[in-house]
Amino acid sequence: MKVHVDQQRCQGHTLCSMIAPKAFELSEIDGHSSPVDENVAHDQEDHVREAVHSCPERAITLTE
C-alpha cells in the first residue's frame with residue numbers, strides 16, 4: 001500500500017500525524033503533513049486508513 005498527501009489540499013491539521021505518528025510527519029515550516037515513506041509498513045496500515053478517513057480536507061490517498 002502506498003500513501004500520498006496532496007500538499008495543495010492539506011491545511012496543516014495534525015490529525016493524521018496523531019493517528020499514525022509512524023507514518024506521517026509534520027513540516028516545521030508550514031505544518032503540512034507528509035508521509036515518512038510512501039510505502040506503508042504492514043503494521044501501520046490500519047492507522048493510515050483511519051488517518052485517511054479522519055482528514056477533513058480529504059488530502060490523503062491510498063493505492064494498493
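## A long-range salt bridge

Lysine 2 and glutamate 38 pair up in a salt bridge, with 3.2 Å between their closest N and O atoms. This is a predicted model, and the pair in question brings together distant parts of the chain. Lysine 2 belongs to strand E1, while glutamate 38 sits in the loop between strand E3 (33–35) and H2, 36 residues apart.

How exposed are the two partners? Lysine 2 is partly exposed, at 37% relative accessible area, and glutamate 38 also counts as partly exposed, at 43%. As for the chemistry, side chains of opposite charge can pair when their charged atoms come close.

## Arginine 49 and its partners

The salt-bridge count comes to 3. Besides the lysine 2 contact with glutamate 38, there is a network that links Asp46, Arg49 and Glu64. Inside helix H2, arginine 49 meets aspartate 46 with an N to O distance of 3.8 Å. These two lie 3 residues apart, which is about one turn of the helix.

Arginine 49 also forms a salt bridge with glutamate 64, again with 3.8 Å between the closest N and O atoms. Arginine 49 lies in helix H2 and glutamate 64 in the segment after E4, so this pair ties together parts that are 15 residues apart in sequence. On accessibility, arginine 49 counts as partly exposed at 31%. Aspartate 46 is exposed at 60%, and glutamate 64 is exposed too, at 77%.

## Strand E1 and its two faces

Back to the strand that holds lysine 2. Strand E1 covers residues 2–5, and its covered face carries Val3 and Val5. Lys2 and His4 make up the uncovered face. Lys2, then, is on the uncovered side, and Lys2 is the residue that bonds with glutamate 38.

Which strand does E1 pair with, and in what direction? E1 is joined by 4 bridges to strand E4 (residues 60–63), and the two run antiparallel. In that pairing, valine 5 stands opposite isoleucine 60 of E4.

## The nonpolar core

Val3, from the covered face of E1, turns up again in the largest nonpolar core, which has 15 residues. Val3, Phe24, Val48 and Ile60 are the ones with the most contacts inside this core. The elements that give two or more residues to the core are E1 and helix H2 (45–54), and the largest share, 3 residues, comes from H2.

What does phenylalanine 24 touch, leaving aside residues up to four places away in sequence? The list takes in Val3 and Val5 from strand E1, along with Cys16, Ser17, Ser34, Pro35, Val36, Val48, Ala51 and Ile60. Three of these names may look familiar: Val3, Val48 and Ile60 are listed with Phe24 among the core residues with the most contacts.

## One enclosed space

How many cavities of 30 Å³ or more are there? The count is 1, and the largest cavity holds about 70 Å³ of space. The lining of that cavity has 13 residues, and the closest to the centre are His13, Cys16, Cys55, Glu57 and Ile60. Helix H1 (15–19) and H2 are the elements that give two or more residues to the lining.

Some names here link back to earlier sections. Ile60 lines the cavity, stands opposite valine 5 and is touched by phenylalanine 24. Cys16 is another lining residue that phenylalanine 24 touches. Helix H2 contributes to the cavity lining and also gives the largest share of the core.

Note on methods
Residues numbered from 1 in each chain as written. Predicted model: local features only at pLDDT ≥ 70, side-chain atom pairs only at ≥ 80, totals over all residues. Heavy atoms only, no water. Buried < 20%, exposed > 50% of the residue type's maximum accessible area, 1.4 Å probe, protein only. Pairing = 2+ DSSP bridges. Core = buried A, V, L, I, M, F, W, Y, C linked by side-chain atoms within 4.5 Å. Contact = heavy atoms within 4.5 Å. Salt bridge = Lys/Arg side-chain N within 4 Å of Asp/Glu carboxyl O. 1 Å grid on protein atoms, 1.4 Å probe; cavity = no way out; pocket = protein on both sides within 12 Å on 5 of 7 lines; lining within 4 Å. Points joined across faces, edges and corners; volume = space filled by probe spheres on them.
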